[in-house]
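This report covers selected features of one protein chain. The sequence and structure are shown first, and the notes follow.

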Amino acid sequence: MLQATPLTEGWILRHEGEALPAVVPGCVHTDLLAAGVIPDPFLGLGEREVAWVGRREWTYETDLAPSDGHEQTDLVFDGLDTVAEIRLDGQLLGRTRNMHRSYRFDVTGMAGRLSVRFVSAYAEAEAVRGQLGERPGAYAEPYQYLRKMACSFGWDWGPTLVTAGIWRPVRIERWSTARIARVRPLVSVEQGVGVVELAVEVERARVEAPLTVEAVVGGVRARAAIDKASGAVRLEVPEARLWWPRGYGEQPLYEVELTLLHEDGPLDVWRRRIGFRTVELDRSADEHGTGFCLVVNGERIFARGVNWIPDDVFPSRITRERYRERLGQAAAAGVDLVRVWGGGIYESEDFYDACDESGLLVWQDFPFACAAYPEEQPLRGEVEAEARENVVRLMPHPSLVLWNGNNENLWGFRDWGWEGRLAGDSWGEGYYLGLLPRVVAELDPTRPYTAGSPWSGSWEHHPNDPAHGTHHSWEVWNRLDYAAYRSEVPRFVAEFGWQAPPAHATLRRALAGEELAADSPGMLHHQKAEDGNGKLRRGLERYFAFPEGDFDRWHYLTQVNQARAVAAGIEHWRSHWPVCAGTVVWQLNDCWPVTSWAAVDGDGREKPLYHELRRLYADRLLTVRGRVVAVVNQAGEEWAGVLRLRRMSVEGAVLGEAELGFRAGRRAVAEVPVPDELEPAGPKEFLVADADGLRALHFPSPDREIPYPRPEFDVTVAPGAVTVTARTLVRDLLLQADRLHPAARADRGLVTLLPGERVTIGVTGWETPDPDAARSALYCMEPAS
Ligand code: BMA
């Protein structure tokens, strides 16, 4: 039997004659941090102090003992970041230049000192740029010239921390006769029967030995002969239970085990979990343009999505538990689709395992983002190799439903002036429209592929045309009021979002000692977006008097604005199902403490937007759209009920009222017109729509024109709970639990109370409940002073 032994012991990191203890898997920055050589780049201005690390060479070393008892010994690296030279006992084993691949070296009969020398990613990128010529990109850093996580070079939410290291596990594999080199499970459902076809490839140490494979899934067993280097087994599981996205059904997973045999003796085993489901992407033309709708097991899905970025700028630090926690947060917010964005990585098995188990659909970008990428060697061969490897690695996962060629590169070519600057040079089109779809079709024809995000489906339409395919809606954040989301109904909104600072406790940790202000040095350093603070300010000024010199108020209001902006988009677009078939919020998470579009900040704390998502992505949603209330029902059963409409004044008077019946079919939207006499007139009035415990509010005027009463409310506390009872209208009440204790968390975000109403906010991690402390952590809308 093949024996795999992890190689985690005895590693050191050598730099200019110094040797430090090293953690493998890991990276240079985390080793230097552990050894006290560098400050934490996430804190204060630390990022700047460590910029030198990315420009140096680093060598990892350990001892490799001789191995015996087997015909062949391989040294296997699951991931090397990025440009490395590997030697054993002084002898060169190979050179690497791709973080997104694994590497295997035959070290049979060898032993001694193993060294992995990394040269600076900058040196490689700059050399390739010199050779192939300059290409345009959205950032000044040279990330498009080598196959390394693009955002390690910095992004509009990320620090520039160009690391190096053995970032994924490394091991020794010893084997005889043959081993399993590759298994491609093609999973389908045919008339209720689950079908798995396993295409197997082997590597042989002995050319002539007769080999067979035996596979088992769901109690069904089959055998096949291996002819030279490959073979195939087909298994049929009658009455297979279907795997569903969360909210649509369960997520049964079936273990597949495939054993390679020589004369009935097992040589190697491959084990993965699969799920039986079908997936299609419906891109048919219709009277609105060209659709973009995921269809899983025949069910058309409005995708309630979030964009995912690497959860740490040093991805080797992300544990299985952390993936589960972060994806668990997404699931708990009602999310059913996660897009792995192209400036990051092909994630680890832990990521997709968690998605398989919780029913989160995964849309996976190939790692290309916001730049023109050369298509010549040495890049072309690397791109093909990494695509082949990762398509096969990830294909067992039922959660993976879509491959996407790139992030914003087709758009950039057409719209950002690249076309002219390129003057005929290659820029990646051959990958997105040629190589990558060929690789997916050849290796995994069970999954759809789309060339880019955004992409209209062909050059006939502008790549970001909202009427065709996927759309990124960035004009709103960059230039417009978020009310402008309501002027379009794109077919699928793959990116849109609004910034807000992280939680207060996150800022306190990251910027210890700084007197916080919107433009204090640390705040500015932890804001990477172009004119980010200017956009936050203009966004605030459209609704509020700018809270000059009041950081806490600025912090609260910017977080409110973020939640309201995203709500404006999702409420509008969901209410236009099925014309619009998905919203993917930019972005779920952060990779360090920063002001960004994220719903969950760099320390894992949930912003008010996060809690708002739970309302926005629930099966049932009420929203006021112009002169109608849209009743959005994504559940599998009809939703019929009574809508109570109230026209109210901010002092709490009910100026008019009506009860109207509605019936929203299964996965359908119903519209209830608002009677003319209930339309709020002027800044003093608003509309309240209630049905089955859900509520939609409509304030027609910006806050600064609304004559809010001075908010009055009573606060009581009990272990695990803060209860607020309103005596006046209290709009957008927020308990910032992290101000009570850094470990404290609230189970809700913004809530608006009418006079006499009460809310109980669950709070964990706060051991010493105290009403005065609770009161000081409560924020809400106040009258203009
Ligand atoms: C899109 C994304 C990212 C970026 C975000 C916010 O362009 O694809 O590149 O971080 O918008 O600007």
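## Salt bridges and helix H13

In this predicted model, Glu541 and Arg537 form a salt bridge, with 2.8 Å between the closest N and O atoms. The two residues are four positions apart in helix H13, which spans residues 532-541, so about one helical turn separates Glu541 from Arg537. Side chains of opposite charge can pair when their charged atoms come close.

Over the whole structure, the search returns 84 salt bridges. The pair in H13 is one of them, and a further one, between Asp703 and Arg564, is taken up below with the domains.

## Domain layout

The chain is split into domain 1 (3-173), domain 2 (177-274), domain 3 (309-358 + 473-618), domain 4 (623-705) and domain 5 (713-779). Domain 3 is thus listed with two segments, 309-358 and 473-618.

## Interface of domain 3 and domain 4

How far apart are the C-alpha centres of domain 3 and domain 4? The separation is 27 Å. In terms of contacts, 13 residues of domain 3 meet twelve residues of domain 4. The size of an interface is often given as the accessible area lost when the parts come together. For domain 3 and domain 4 the buried area is about 1,000 Å², and carbon and sulfur atoms account for 44% of it.

The polar part of the interface can be itemised. Nine residue pairs are in polar contact across it, counting pairs with both residues at pLDDT 80 or more. On the domain 3 side, helix H14 gives the most to the surface that touches domain 4, with four residues. The count of salt bridges between the two domains is one. The side chains of Asp703 and Arg564 meet in a salt bridge with an N to O distance of 2.7 Å. Arg564 falls within the range of helix H14, residues 551-574.

## The sheet S44-S42-S46

Helix H14 also lies across strands S42 and S46, and runs at about 110 degrees to S42. These strands belong to an open sheet of three, ordered S44-S42-S46, with antiparallel pairing. Its edges are strand S44 (751-753) and strand S46 (778-779), each of which pairs on one side only.

Strand S42 covers residues 730-735 and pairs with S44 in the antiparallel sense over two bridges. Within this pairing, Val730 is placed opposite Leu753 of S44.

## The sheet S16-S15-S18-S19

A second open sheet has four strands in the order S16-S15-S18-S19, again with antiparallel pairing. Strand S16 (220-226) and strand S19 (265-274) are at the edges and have a single partner strand each, so one side of each has no neighbour in the sheet. Ignoring direction, neighbouring strands of this sheet are turned by 20 degrees against each other on average. Strands of a sheet pair through backbone hydrogen bonds, either parallel or antiparallel.

Strand S18 (residues 254-262) pairs with S19 in the antiparallel sense, over nine bridges. Glu255 stands opposite Arg273 of S19, and Leu260 has Asp268 as its bridge partner in S19. How many residues lie between S18 and S19 in their hairpin? There are two, and Glu263 in the turn has a positive phi of about 45 degrees.

## Backbone geometry in loops

Two cis peptide bonds precede prolines in loops. The bond from Val24 to Pro25 is cis, with omega near 0 degrees, and Pro25 sits in the loop between strand S3 (18-21) and helix H1 (28-34). The bond from Gln377 to Pro378 is also cis, with omega near 10 degrees. Pro378 belongs to the loop between strand S27 (361-365) and helix H6 (379-394).

Asp89 is not a glycine, yet has a positive phi of about 50 degrees. Its position is the loop joining strand S6 (83-88) and strand S7 (91-97).

How values were computed
Residues are numbered from 1 along each chain as its sequence is written. This is a predicted model: local features need pLDDT of at least 70, side-chain atom pairs count only at pLDDT 80 or more; totals for chains, interfaces and linings use all residues. Side-chain values use heavy atoms; hydrogens and water are left out. Two strands pair if DSSP finds at least two bridges between them. Contact means heavy atoms within 4.5 Å. Axes are lines fitted to C-alpha atoms, for helices over the stretch in contact, and angles run from 0 to 180 degrees between N-to-C directions. Domain bounds come from an automatic or database domain assignment. Buried area is the accessible area (1.4 Å probe) that two parts lose on being put together, summed over both. A salt bridge is a side-chain nitrogen of Lys or Arg within 4 Å of a carboxyl oxygen of Asp or Glu. A polar contact is a pair of N or O atoms within 3.5 Å; within protein, one must be able to donate a hydrogen and the other to accept it, and residues adjacent in sequence count only if both atoms are side-chain atoms.
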